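This report is meant for someone meeting this structure for the first time. Please look over the sequence and the model before reading on.

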Amino acid sequence: MDLLQQIVARAKADKQRIVLPEATEERTLRAADRVLADELADLILIGNPQELARLAAQWGLTNIQKATIIDPENNPKSEEYAQLLCELRKKKGMTIEQARELVKNPLYLGCMIIKTEGADGQISGALSTTGDTLRPALQIIKCSPGITCVSGAMLLITKQPQFGENGIVVMGDVAVTPMPDADQLAQIAVCTAQTAKSVAGFEEPRVAMMSFSTKGSAKHEVVDKVVEATRLAHEMAPELKIDGELQADAALVPSVGQKKAPGSDIAGRANVLVAPNLEVGNIGYKLVQRLGDAIAIGPILQGIARPVNDLSRGCSVDDIYYMVAITACQAMK
């Protein structure tokens, strides 16, 4: 069973409630039909019920009626949500009139459903920008306790089983925070390790804090940041297996790890890689994907109190289907 099959199996075994706020978009509705047919998750679709029924009939989708459908223009909980949103944002000057309009916005409505414990996670982005996806999540659901920055992890499935976890490596941040400071980088490390457990199914994440230096082989302020982030990550999660600073070869290749970082429990055995900044992370995963012919799954957003994930506007039905499974795995208690 490959990793995607394992993720789907875990999602089916503990069904979560996932909101799809872009339900009238064709790829999203087709993916929803497949999710419901496979009993992968309980879905909440946001849209006009008559329009969704018409689109389902037009596209030959026979399972949409199994979903909970919420009409943003005719929602009996609109005033309750508006009052709560106004209270959450009152320090930012939000008025009740503004809140009443916002809770008709499917992206905000989905986050309000999650906030009031009516759902476990949300996926959007087939129509919306990353900013539009993240804004309501950060305003309403907010970050996890102890976390102040959102980041994105990528699952890299390679054809090199000697590396990572039988060829699988989880890498962060590849999507969100351009220049994290030491504290933010420590948070990214802890969150990426959590993603490795909840989504990739790693029993023991082994985190390498990446740099162009290994254990003092080079001196620079950016190396100092990685060293400090490693120390802070140890404080945040004392149980976490983590080491740094490590170069990529020292993190992944046992013989190199033994030579460059003797005595390290992580060197040569890392299955989670934390890039020192977004530029390195984004370039790095794309090089592995294109030159190394790896499968890249993500980015998986992390650091939000309940999972909210962002799709590419060029996503496929398969992409949405598997992101539902990934979000469900993140949501599991």
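The text below covers a set of strands, some backbone features, one serine and the salt bridges of this predicted model.

**Strands β1, β2 and β3**

Strand β2 spans residues 42-46, and four of its five residues are buried. Strand β1 (residues 17-20) runs parallel to β2 and is joined to it by four bridges. In this pairing, V19 stands opposite I44 of β2. The β1 and β2 strands, together with helix α2 (residues 26-38), make a right-handed β-α-β unit.

Strand β3 (residues 68-70) also pairs with β2, in the parallel sense and over three bridges. Here I46 is the residue that faces I70 in β3. A right-handed β-α-β unit is again made, this time by β2, helix α3 (residues 49-58) and β3.

**Backbone features**

The peptide bond between G172 and D173 is cis, with omega about -15°. D173 is part of the loop between β6 (168-172) and α8 (182-198). Another cis peptide bond leads from G298 to P299, where omega is near 0°. P299 belongs to strand β10 (residues 295-302).

E39 is not a glycine, yet its phi is positive, at about 55°. The loop that holds E39 lies between α2 and β2. With a relative accessibility of 52%, E39 counts as exposed, because the cut-off for that class is over 50%. D293 likewise has a positive phi of about 55° without being a glycine. D293 sits in the loop between α12 (278-291) and β10. Its relative accessible area is 45%, so D293 is partly exposed.

**S144 and its surroundings**

S144 is located in the loop between α7 (130-141) and β5 (151-157). Which residues does S144 contact, leaving aside its neighbours within four places in sequence? They are G303, I304 and A305. The S144 side chain reaches the backbone oxygen of I304 at 3.1 Å.

**Salt bridges**

Side chains of opposite charge can pair when their charged atoms come close. In this model the count comes to 19 salt bridges. Three of them are listed here with the N to O distance and the separation in sequence.

| Pair | N to O distance | Separation in sequence |
|---|---|---|
| D120 and R17 | 3.0 Å | 103 residues |
| R34 and D318 | 2.5 Å | 284 residues |
| K215 and D243 | 2.6 Å | 28 residues |

D120 forms a salt bridge with R17, and this pair links the loop between α6 (106-115) and β4 (121-124), where D120 lies, to strand β1, where R17 lies. D120 is buried at 6% relative accessibility, whereas R17 is partly exposed, with a relative accessible area of 30%.

The salt bridge between R34 and D318 connects helix α2, which holds R34, with helix α13 (residues 317-331), which holds D318. R34 is partly exposed at 27% relative accessibility, and D318 is partly exposed with a relative accessible area of 39%.

The side chains of K215 and D243 also meet in a salt bridge. K215 is in the loop between β7 (206-210) and α9 (221-236), and D243 is in strand β8 (residues 241-246). K215 counts as partly exposed at 42% relative accessibility, while D243 is buried, with a relative accessible area of 13%. Elsewhere, E165, E204, R206, K241 and R269 are joined into one network by salt bridges that share partners.

Note on methods: Residues numbered from 1 in each chain as written. Predicted model: local features only at pLDDT ≥ 70, side-chain atom pairs only at ≥ 80, totals over all residues. Heavy atoms only, no water. Helix = DSSP H or I, 4+ residues; strand = E, 2+ residues; numbered from the N terminus. Polar contact = N/O pair within 3.5 Å; in protein donor to acceptor, adjacent residues only side chain to side chain. Contact = heavy atoms within 4.5 Å. Buried < 20%, exposed > 50% of the residue type's maximum accessible area, 1.4 Å probe, protein only. Pairing = 2+ DSSP bridges. Right-handed = clockwise from strand over helix to strand, strands pointing away. Salt bridge = Lys/Arg side-chain N within 4 Å of Asp/Glu carboxyl O.
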